[in-house]
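I opened this notebook to record what I looked up in one structure. The entries are short and follow the order of my queries.

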Amino acid sequence: RCCYEVGPEFLGITLFKGHIFKKESRLVFDPVSFARSQLVSLGLDKENFFDLSVCSFCDKENFFSFRRDKTQNRTYSFIVRK
């Protein structure tokens, strides 16, 4: 949510409204809040979400990032429903 930089064309997409913020002179997208809002709109209970508030781009020790390092390694994320 702090480093997912997007272009100004994202501002015109109604679906992303409320999930794009200005950080200094850049626009950043909050994919966590976007995913949560989409899943809640589909009927999932918002109390069932747990967010570690980790930025995989900033945390170089624990996460790979192609945008940051141009690495071939990848980090995967999963959503699990009980």
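The entries below go from the overall fold to single residues.

**Entry 1. Overall layout.** I noted at the outset that the model is predicted. I then asked for the secondary structure and found two helices and three strands. Reading from the N terminus, I recorded the order β-β-β-α-α. I looked up the extent of the C-alpha trace and obtained about 35 × 35 × 20 Å along the principal axes. For burial, I found that 21% of the 82 residues count as buried.

**Entry 2. Salt bridges.** How many salt bridges does the structure hold? I found two. I kept in mind that side chains of opposite charge can pair when their charged atoms come close.

One of the pairs is Arg-26 with Glu-5, and I noted 3.3 Å between the closest N and O atoms. Arg-26 belongs to strand E3 (residues 26–29) and Glu-5 to strand E1 (residues 5–6), so this pair ties together parts that are 21 residues apart in sequence. I checked the accessibility of both partners. Arg-26 counts as partly exposed because its relative accessibility is 23%, and the limit for buried is under 20%. Glu-5 is partly exposed too, at a relative accessible area of 45%.

I then looked up the pair of Asp-69 and Arg-68, whose closest N and O atoms are 2.9 Å apart. Asp-69 is partly exposed, at 42% relative accessibility. Arg-68 has a relative accessible area of 16% and is therefore buried.

**Entry 3. After helix H2.** I turned to the segment that follows H2, where I located Lys-70 and Thr-71. Is Lys-70 buried or exposed? At 55% relative accessibility, I listed Lys-70 as exposed. Thr-71, at 16%, I listed as buried. I also looked for what the side chain of Thr-71 reaches, and found the backbone nitrogen of Asn-73 at 3.1 Å.

**Entry 4. Positive phi values.** I searched the backbone with a general expectation in mind: most residues other than glycine have a negative phi. Lys-70 appeared in the search with a phi near 60 degrees, a positive value in a residue other than glycine. Glu-24 also has a positive phi, near 55 degrees, and is likewise not a glycine. I placed Glu-24 in the loop between strand E2 (20–23) and E3. Glu-24 counts as exposed because its relative accessibility is 68%, where exposed means over 50%.

**Entry 5. Ser-33.** I located Ser-33 in helix H1. Its relative accessible area is 17%, so I recorded Ser-33 as buried. Which side chain does the side chain of Ser-33 contact? I found a polar contact with the side chain of His-19, at 2.7 Å.

**Entry 6. The loop between H1 and H2.** I placed Leu-52 in the loop between helix H1 (31–41) and helix H2 (66–69). Leu-52 counts as exposed, at 61% relative accessibility. I then looked for a surface patch and found that Leu-52 forms a nonpolar one with Phe-50 and Val-54. Together these residues have about 370 Å² of accessible area.

Gly-43 lies in the loop between H1 and H2, as does Asn-62. I recorded Gly-43 as exposed, with a relative accessible area of 62%, and Asn-62 as exposed, at 59%.

I next looked up C-alpha distances to Thr-75. Asn-62 and Thr-75 are 13 residues apart in sequence, and I noted 9.4 Å between their C-alpha atoms. For Gly-43 and Thr-75, I noted 28 Å in space at a sequence separation of 32 residues.

**Entry 7. The largest pocket.** I closed with a search for empty space. Rolling a probe the size of a water molecule over the atoms shows where such space is left. What is the volume of the largest pocket? I obtained about 1500 Å³. Its lining comprises 33 residues, of which Val-32, Asp-51, Ser-77, Phe-78 and Ile-79 are the closest to its centre. I also asked which element gives the most to this lining, and recorded H1, with five residues.

Terms used. Residues numbered from 1 in each chain as written. Predicted model: local features only at pLDDT ≥ 70, side-chain atom pairs only at ≥ 80, totals over all residues. Heavy atoms only, no water. Patch = residues over 30% accessible without salt bridge, like charges linked within 9 Å, V, L, I, M, F, W, Y side chains within 5 Å. Areas by Shrake-Rupley, 256 points an atom, 1.4 Å probe, with all protein chains shown as cover. Salt bridge = Lys/Arg side-chain N within 4 Å of Asp/Glu carboxyl O. Helix = DSSP H or I, 4+ residues; strand = E, 2+ residues; numbered from the N terminus. Buried < 20%, exposed > 50% of the residue type's maximum accessible area, 1.4 Å probe, protein only. Polar contact = N/O pair within 3.5 Å; in protein donor to acceptor, adjacent residues only side chain to side chain. 1 Å grid on protein atoms, 1.4 Å probe; cavity = no way out; pocket = protein on both sides within 12 Å on 5 of 7 lines; lining within 4 Å. Points joined across faces, edges and corners; volume = space filled by probe spheres on them.
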